[in-house]
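Q: I'm new to this structure and would like a close look at just one part of it. Please take me through its hollows, whether closed off or open to the outside.

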Amino acid sequence: EGADTTTPSGSLTYKQNPTVSYTPLRGNEFLKQMLTPVPLEALLTLTQSGWSVQRVMSVCVERANDLDNAANASGPTPGREPRFEAFHAMADILRDLQQADAMGLGAAPVVGNAAGKKGRNLVLRFKGGARLAGKFRELCKLLGVPENSTELVLTSDFLNKPANGVAVRTRSMMAIMFYLSHNTAVPATHEQAGLVTITRAPGGERFDWGRVTGRLFTVHSARSRPSSAYLAVPYRGSWFYVRQDDLESKSTFMLLNQLFNLQSGDVKMIAPTFTIGVGN
């Protein structure tokens, strides 16, 4: 009696409906993850980890020397047809060389740096021998570098690149999503209502975006929810979806996840979270 006492007690609460919390990106976080161009080092990381160099280059690169990879597709749907054929030919040759294990992609010290600063360039080196030498010469010809080159120096500097240099301009995550979104089957009702831009060829005919990204990513549409879809999103009375058997689109979607992880780095989520009850 009169002693200080503490009686422990506890409770266990069970909730049937779990929650998912989303933390929106803001300010510098948004700029870093969505609007900053993908670094060349990320392309090296992805190709060395087993990704197709053709897929990585086609998705992430907007321009390589004078080869335009639908640069006008990095934003809202353009009204005019993009340029892309020569870039596709270059990316296909890179894929052939990769599959034949005829090229090495790595880093090498900068030679003759006038500023005296240390640095490293990404270098693509041919190692395929006489059998594939003609294919590498074809690659060099497309890129506008000396055809007797045995290695290509990748740089982001279009003004001060070496003779065997390949100046590369990469896309940001936002630009990548714009680029892939153009190959979407839009419902006729949306077109009739003037909700979308129709890209036209020089002769006035409708341009087929499947020629640009059809081998990378395709989005279909339907009036009702598809019974078998890998991804499905409702919008303006229609369903937009990726087919379950579309392995190419699924692979590209997985690549996007990898790119998001690479771009996010060590971004810390400090903004308030937005919580949704999954069962509600």
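A: Here's a walk from the inside out, one hollow at a time.

First, what you're looking at is a predicted model, where local features need pLDDT of at least 70 and side-chain atom pairs count only at pLDDT 80 or more, while totals for chains, interfaces and linings use all residues. Residues are numbered from 1 along each chain as its sequence is written, and side-chain values use heavy atoms, with hydrogens and water left out.

To get your bearings, the chain has nine helices and 11 strands (DSSP runs numbered from the N terminus: H or I of at least four residues for helices, E of at least two for strands).

Let's begin with the closed-off kind. The structure has one cavity of 30 Å³ or more (on a 1 Å grid over the protein atoms alone, points where a 1.4 Å probe fits but cannot get out; lining residues have an atom within 4 Å of a point). The space in this largest cavity comes to about 200 Å³ (the space filled by probe spheres set on the points, which are joined across faces, edges and corners). Its lining is made of 18 residues, and if you want to find the middle, look for Val53, Met57, Leu94, Leu124 and Leu154, which lie nearest its centre.

Quite a few elements join in around the largest cavity. Among the helices, α2 (40–48), α3 (53–60), α4 (85–99) and α5 each supply at least two lining residues, and the strands β5 (120–126), β6 and β7 (165–170) do likewise. On the map, α5 covers 130–143 and β6 covers 151–155, with Ser149 in the loop between them. As for chemistry, the cavity lining has 17 nonpolar residues, one polar and no charged (Ala, Val, Leu, Ile, Met, Phe, Trp, Tyr, Cys and Pro count as nonpolar, Asp, Glu, Lys and Arg as charged, the others, Gly among them, as polar).

Now for the open kind. The largest pocket has a volume of about 1100 Å³ (a pocket is an open set with protein on both sides within 12 Å along at least five of seven lines). There are 37 residues in the lining of the largest pocket, with Ser181, His182, Thr184, Val186 and Val219 nearest its centre. Two or more lining residues come from each of the helices α6 (173–181), α7 (188–192) and α9 (247–264), and from each of the strands β9 and β10. Of these, β9 gives the largest share, five residues. You'll find β9 at 229–235 and β10 at 238–243, and the loop between them holds Arg236. The mix in the largest pocket is 24 nonpolar, nine polar and four charged residues.

Last stop: the second largest pocket, with about 180 Å³ of space. Among the residues lining it are Thr47, Gln48, Gly50, Trp51, Ser52 and Val53, and Val53 is also one of the residues nearest the centre of the largest cavity. Further along the sequence, the lining of the second largest pocket includes Arg95, Gln98, Asp101, Met103, Gly104 and Leu105. Here α2, α4 and β4 (103–109) each supply at least two residues, and β4 gives the most, with three. By class, this lining has four nonpolar, six polar and two charged residues. Two helices turn up again, then: α2 and α4 help line the second largest pocket and also the largest cavity.
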